[in-house]
Amino acid sequence: MEHEDIRTFISGKNLDLLPGNNLEHLNLYAKWDNDQETRHYARNVFPILPEAYKKWIEEVKSGTPRELNFEICHKADKKIIGYVGFNHINWSDRNADIGMVIGEPEYRSKDLGTEAAALVMDYGFNELNMFKIGCGMYEINVGSWKVAEKLGMHREIVYKETAWVDGKYVDAYEYCIFYDEWKEKRKELL
Amino acid sequence: MKEKLSSEETKPKEYVAYPFIEGETIDLCPTNLDHVKLYAKWINDSKARIYARNNQPHTVEDITKWYEPSESRSLSNYVTFEIWHKKDKVPIGTCGFGRINWIDRDANIFMSIGVPEYWNQNLGTEASRLLIDYGFKDLNFHKIYAGIFEPNIGSWTVAEKDGFILEGIKKKVIFVDGKYHDSREYRMLKKDWLKNLP
């Protein structure tokens with residue numbers, strides 16, 4: 001888990017983004033995704049073994065990827081603390097959703113999620129030529145939608161009663177931002 | 001209309017329909033591998049594919065793979081039917097549920113009348129009513145939803161007539177014919193469906 005500077009793909013103030021889907025870190029991914037607190041918000045309702053990621057990573061086909069993953073590395077502590085990336089990249093409509101997990105609990109609530117998401121959003125707009133970027137989360141995941149608001153995203157849709165959490169249905173929120181809006185917002189954040 | 005449909009490609013010979021859900025004008029039948037060429041024709045159709053937001057060509061082989069029985073022991077996350085016109089005895093489209101989430105008990109409803117001659121005859125409305133009944137009464141869904149792109153006025157008018165509620169609008173999310181378009185997101189909760197039953 002040593003931070004190897006050689007792999008840094010995007011560098012921020014406190015964080016670096018490294019290439020994701022690292023076959024040497026499968027145990028780390030499995031630890032985060034099975035973690036009871038993390039999966040409560042992410043709604044991972046089924047257990048997952050490290051081998052499952054291996055299979056999935058090795059399945060990746062040629063062509064332009066439909067999803068992208070980065071590991072989030074804390075620069076000062078030289079520690080990998082979570083992952084961030086794009087799910088469902090739609091190349092012809094030029095949009096995608098951001099997904100993120102800060103898997104190490106002691107790094108939560110420190111605005112590191114905001115920095116990681118800002119870095120990946122800037123990459124999406126400036127390098128991947130995206131037109132619109134969104135993210136979705138459940139209403140119970142207050143930390144996550146507060147991050148979306150700090151990033152200048154708007155709550156576009158409230159999907160009523162979409163997930164069964166702790167014995168009741170909860171709403172899902174969909175947030176989004178367009179490139180024109182991001183051009184202004186990035187000056188504050190990066 | 002009959003002539004057009006009687007070509008070898010579109011008219012299945014001596015085909016017996018096995019209705020799974022019976023309606024008045026149409027039945028919903030299991031999909032049929034003998035009709036894959038027909039499905040390929042519909043999905044690639046230049047008019048229909050715009051409304052289905054499909055901008056990639058699909059081969060008969062691709063489509064065969066979708067409809068081949070799976071050997072997996074897990075429960076599928078979609079259910080597809082062929083829409084069968086009872087009087088004319090021809091398949092006219094497909095419909096079903098995709099992205100079924102068996103835990104949250106919701107699913108995306110989809111429908112496509114592949115033969116343009118059967119558009120604007122309320123067949124979509126009938127198919128969607130049969131599906132909604134099936135979703136709530138047989139599959140025990142809690143919520144059924146659909147995203148319909150703004151220019152597809154026919155579809156979202158049907159959805160509103162059926163009692164779907166506009167949940168929100170995703171702005172400029174689909175690029176079709178040189179422009180970005182909005183997607184209208186609709187929902188029907190089981191409790192709302194029960195209230196509206198005659």
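These are my notebook entries on a predicted model with chains A and B.

**Entry 1: chain A as a whole**

I began with confidence, and I found that chain A averages a pLDDT of 93, with 96% of its residues scoring at least 70. When I looked at where the confidence changes along chain A, I found it lowest in helix α2 (residues 36–42), at a mean of 87, and highest in helix α4 (residues 112–126), at 98.

Next I looked up the overall dimensions, and I noted that the C-alpha atoms of chain A fill a box of roughly 40 × 40 × 35 Å along the principal axes. I also checked the radius of gyration: a compact globule of 190 residues would have one near 16 Å, and because chain A has 16 Å, the two agree. Of the 190 residues in chain A, I noted that 35% are buried. Among the contacts in chain A with a separation of 6 or more, 57% are between residues 24 or more positions apart.

**Entry 2: the elements and the sheet of chain A**

I then listed the secondary structure of chain A, which comes to 6 helices and 8 strands. Reading from the N terminus, I wrote the order down as β-β-α-α-α-β-β-β-α-β-α-β-β-α.

In chain A I traced an open sheet of 8 strands with mixed pairing, in the order β1-β2-β3-β4-β5-β6-β8-β7. At its edges I found β1 (10–11) and β7 (154–165) of chain A, each with a single partner strand, so one side of each has no neighbour in the sheet. I followed one pair inside this sheet more carefully: β4 (residues 79–90) and β5 (residues 95–102) of chain A run antiparallel and are joined by 7 bridges. Across this pair, I saw that F86(A) stands opposite I98(A) in β5(A).

**Entry 3: a single residue, N141(A)**

I picked N141(A), which I located in the loop between β6 (132–138) and α5 (142–150) of chain A. I counted it as partly exposed because it has 19 C-beta neighbours inside 10 Å, whereas a buried residue needs 20 or more. I also noted that N141(A) and H40(A) are 101 residues apart along the chain, while their C-alpha atoms are separated by 8.9 Å.

**Entry 4: the sheet of chain B**

Turning to chain B, I traced an open sheet of 8 strands with mixed pairing, in the order β1-β2-β3-β4-β5-β6-β8-β7. The edge strands of chain B are β1 (21–22) and β7 (165–176), and since each has a single partner strand, one side of each is left without a neighbour in the sheet. I saw that β7(B) runs antiparallel to β8 (residues 179–189) of chain B, and that 8 bridges join the two. Within this pair, L166(B) stands opposite Y186(B) in β8(B).

I then looked at what packs on this sheet, and found helix α5 (residues 123–138) of chain B touching several strands, including β4 (90–101) and β5 (106–113), with its direction at about 155° to that of β5(B). Helix α6 (residues 153–161) of chain B lies across β6 and β8 of chain B, and I noted that it runs at about 155° to β6(B).

**Entry 5: where the two chains meet**

Finally, I looked up the contacts between the chains, where 17 residues of chain B meet 15 residues of chain A. On the side of chain B that touches chain A, the elements giving two or more residues are β7 and β8 of chain B, and β7(B) gives the most, with 8 residues. Sorting that side of chain B by class, I recorded 5 nonpolar, 3 polar and 9 charged residues.

Key: Residues numbered from 1 in each chain as written. Chains lettered and ligands numbered in written order. Predicted model: local features only at pLDDT ≥ 70, side-chain atom pairs only at ≥ 80, totals over all residues. Pairing = 2+ DSSP bridges. Helix = DSSP H or I, 4+ residues; strand = E, 2+ residues; numbered from the N terminus. Contact = placed C-beta atoms within 7 Å. Axes fitted to C-alpha atoms, helices over the stretch in contact; angles between N-to-C directions. Nonpolar A, V, L, I, M, F, W, Y, C, P; charged D, E, K, R; others polar. Buried ≥ 20, exposed ≤ 12 C-beta atoms within 10 Å, placed from the backbone. Rg over C-alpha atoms; globule rule 2.2 N^0.38 Å. pLDDT = per-residue confidence, 0-100.
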